[in-house]
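I opened the file this morning and kept notes as I went. Entries are in the order I looked things up.

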2 protein chains.
Amino acid sequence: MADYFAFEVLKTSPPGRGARLGRISTPRGLVNTPAFMPVATQGTVKAMTRAQLLELGAEILLANAYHLYIRPGVEVIAKAGGLHEFMAWERPLLTDSGGYQVFSLSALREVNEEGATFRSPVDGAEHFLSPEAAVEIQHALDAEIIMSFDEPVAFGVSRGEAEAAAARSDRWAQRGKARHDSLGGRALFGIVQGGFWDDLREESARRIVELGFDGYSIGGLSVGEPKELTFALAGRVAQLLPSSAPRYLMGVGLPHEILRAVSLGIDLFDCVLPTRLGRNGTALTRFGKLNLRNHKYIADFRPLDPDCDCQTCRHHSRAYLRHLHKAKEILASTLVCYHNLYLYQRLMKEIRAALVEERFEEFHREFEMRRKDVESDNPG
Amino acid sequence: MADYFAFEVLKTSPPGRGARLGRISTPRGLVNTPAFMPVATQGTVKAMTRAQLLELGAEILLANAYHLYIRPGVEVIAKAGGLHEFMAWERPLLTDSGGYQVFSLSALREVNEEGATFRSPVDGAEHFLSPEAAVEIQHALDAEIIMSFDEPVAFGVSRGEAEAAAARSDRWAQRGKARHDSLGGRALFGIVQGGFWDDLREESARRIVELGFDGYSIGGLSVGEPKELTFALAGRVAQLLPSSAPRYLMGVGLPHEILRAVSLGIDLFDCVLPTRLGRNGTALTRFGKLNLRNHKYIADFRPLDPDCDCQTCRHHSRAYLRHLHKAKEILASTLVCYHNLYLYQRLMKEIRAALVEERFEEFHREFEMRRKDVESDNPG
């Protein structure tokens, strides 16, 4: 571990295992964990200004190397002085390597041991990404935490395909790490793959830990598999990762899923849902999802969530937000995304407070009881 | 004049005529004039939060009775406690009557002396609006300043059509005023029509002034006619209006047009351009329009306007804003609309300061010289 990146576990619950209260230190500031990273795919958390993100208390954002490489291009961002300067975000950033996007968004031309050749979904131009190039791009973007380039698999692949992709991802992790070590100055996380088989996940975890990274991501989950399988695999892998390094469960999830993953010892999360749902007029509340397209909100002058003290809930009613959404006003997205992100930030703060006060299990139990109580009474 | 509405002229430039420094008093607060009203057509200034509007220093917004009547409906807004409550805007509001929209946006079925029957562009439902109903709707919306229901004409109509429409608008103004007087509690503005003929404008102004309103609007201009004609007519009408009441030139305009109209004695303005252009990626600057779609901004790390100290210019570059616009990110609209509205609010503040300091003519002259200097060097 270099001095530009450090992770401390401050407390665990129950003691010695399970949920962890921690702190990541970077040259751009601290990240208190468990932390949720709002997703700034293209260098902006959708519909949010810098001032709103600071007001929400976000300590770290996730951006996507693939999207930024495609547009506006790494040269532009490097010329701006890096992604922090480009997007005017002074606090820590984590970039995803783009492995997932190369395979899910691009017209794929060829993948071989060397890397992946693909076409840009923006202009059709051909690009080649190797594990080394993915690391170099992320260095140029200048995030504090960067990811290895991996080859994920979809739910439903054969065991043989998953095994081959995991083995290749592990070899790519090694190559990326070698390039990263020659560049220095930030943290590189390895990604555990292995599809939906315990032993493949264990094998991948063993190899990635052996290589040694600043942190460990669990990739390729929450891609359509049953949730019980997600958490069984995440929990199994978490136990195999060193307790001294942060653990990041990529792409997870809804609030109750995050809480469950925290109980399994995960420290970092990201998810597009708060902003994706927000733009579609769906608010997340502690009483379930609230779909503003529903006619019953036309004259409902209550806030989205009467227990929420965010700027949206302080000032605006369901009726007004429904009107804005129906009228296709940009402000609908802004206000609902803000509320949804606030819910996440508040949840993470409550989780950390519960860990500080040694009542995490109680907090988790009460959260689940309340959730089950209201499941049958979803206001959506 | 009732005590819920007052207007004082504090200074004129040159003394006794021309530009006026003034102040409108309402139960919801003061409006320093000359004032620009950001347009909140559907109960939101496009892409702007309440906090951003307060930060911009907007003292009054304009909303549109027609759009709000169509959606979400007056009943919903009345039930919310009025438009201030519905849209969470505590400061003064002015509503336009909807005359212009009935004629420009609706599939028109019939207009006769009684009023206008038209179809909703949202759901095709048939509606009827009379001058009395338009006033009642605006009372239910609860704006501090409301407009008479008028029948505007397009540029290119015959003199006969313009004359008939103006005469009918004046009769409608009388009927609306009678209904308004029985309801009380807010200010009603009459609207001068008369198309593009001096004598028709004078005749309309004479009749509207004779009826007696809390303020006077000049309607039906800036609809495609040559700008010299706009200002010749606006200037002619302004001279015929009582100096003791505010004058509102509806739908005008670009910054230099507002400045020119101020010199003719106009006090109130509204225009959709700052937000419409902003959403289309065009920033207004003191050096002309800047079109972010232009490739030359791809690595231009200067702010939109180096002389601007708005939140957008303080934190973001042309390159970043161009990227957001190209990537169809909502934040592009937010940041460019904010900058454009800031330019307008700053212009109005500078105009008022120049009037206070008795150097308005000098300010106007310098503004025009700078504008002509840069016209040939538009950064667009």
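Here are my entries, going from the whole chain to single residues.

**Ground rules.** This is a predicted model, so I kept in mind that local features need pLDDT of at least 70, side-chain atom pairs count only at pLDDT 80 or more, and totals for chains, interfaces and linings use all residues. Residues are numbered from 1 along each chain as its sequence is written, with chains lettered from A and ligands numbered from 1 in the order in which they are written.

**Chain A overall.** I started with the element tally: 15 helices and 17 strands in chain A. Helices here are DSSP runs of H or I with at least four residues, strands are runs of E with at least two, and both are numbered from the N terminus. The C-alpha trace spans about 60 × 50 × 40 Å along its principal axes. I then checked the radius of gyration: chain A has 20 Å, which agrees with the value near 21 Å for a compact globule of 380 residues. That radius is taken over C-alpha atoms, and the globule rule is 2.2 Å times the number of residues to the power 0.38.

Burial came next, and 54% of the 380 residues of chain A count as buried. My cut-offs, with C-beta atoms placed from the backbone: buried means 20 or more other C-beta atoms within 10 Å of a residue's own, exposed means 12 or fewer, and partly exposed is in between. Of the contacts in chain A between residues at least 6 apart in sequence, 67% join residues at least 24 apart. A contact means that the C-beta atoms of two residues, placed from the backbone, lie within 7 Å.

**Domains of chain A.** Chain A splits into domain 1 (6-271) and domain 2 (278-375), with bounds from an automatic or database domain assignment. Their C-alpha centres are 27 Å apart. I looked at the seam: 22 residues of domain 1 of chain A are in contact with 23 residues of domain 2 of chain A. Which element gives the largest share of the domain 1 side? That is α10(A), with six residues. By class, this side of domain 1 of chain A has 14 nonpolar, six polar and two charged residues. For the classes, Ala, Val, Leu, Ile, Met, Phe, Trp, Tyr, Cys and Pro are nonpolar, Asp, Glu, Lys and Arg are charged, and the others, Gly among them, are polar.

**The two copies.** I laid chain B on chain A: a turn of 180 degrees and a shift of 0.0 Å along the axis does it, with an RMSD of 0.0 Å. The two copies are thus related as by a two-fold rotation axis. In chain B, Ile330(B) has the C-alpha nearest that axis, 3.6 Å away. The fit is by least squares on C-alpha atoms of residues with pLDDT of at least 70 in both copies.

The contact takes 35 residues from each of chain B and chain A. On the chain B side, α13(B) gives the most, with five residues. That side divides into 18 nonpolar, 11 polar and six charged residues. I also noted that 100% of the interface residues of chain B are interface residues in chain A too, so the copies meet through the same surface.

**Helix α7 of chain B.** α7(B) (residues 159-183) has 25 residues and reaches 36 Å from first C-alpha to last, close to the 36 Å expected at 1.5 Å a residue. The expected span is 1.5 Å times one less than the number of residues. Its buried residues include Trp172(B), Lys177(B) and His180(B). Among what covers them are α6 (131-141), β12 (187-192) and α8 (198-211) of chain B. After the helix comes Gly184(B), with a positive phi near 65 degrees.

**Backbone oddities.** I found a cis peptide bond from Ser13(A) to Pro14(A), omega near -5 degrees; Pro14(A) is in the loop between β1 and β2 of chain A. Another cis bond runs from Val252(B) to Gly253(B), omega near 0 degrees.

Ser222(A) is not a glycine, yet its phi is positive, near 60 degrees. Buried or exposed, I wondered about Ser222(A)? Ser222(A) is buried, with 21 other C-beta atoms within 10 Å. Ala47(B) also has a positive phi, near 75 degrees, and is buried with 25 other C-beta atoms within 10 Å.
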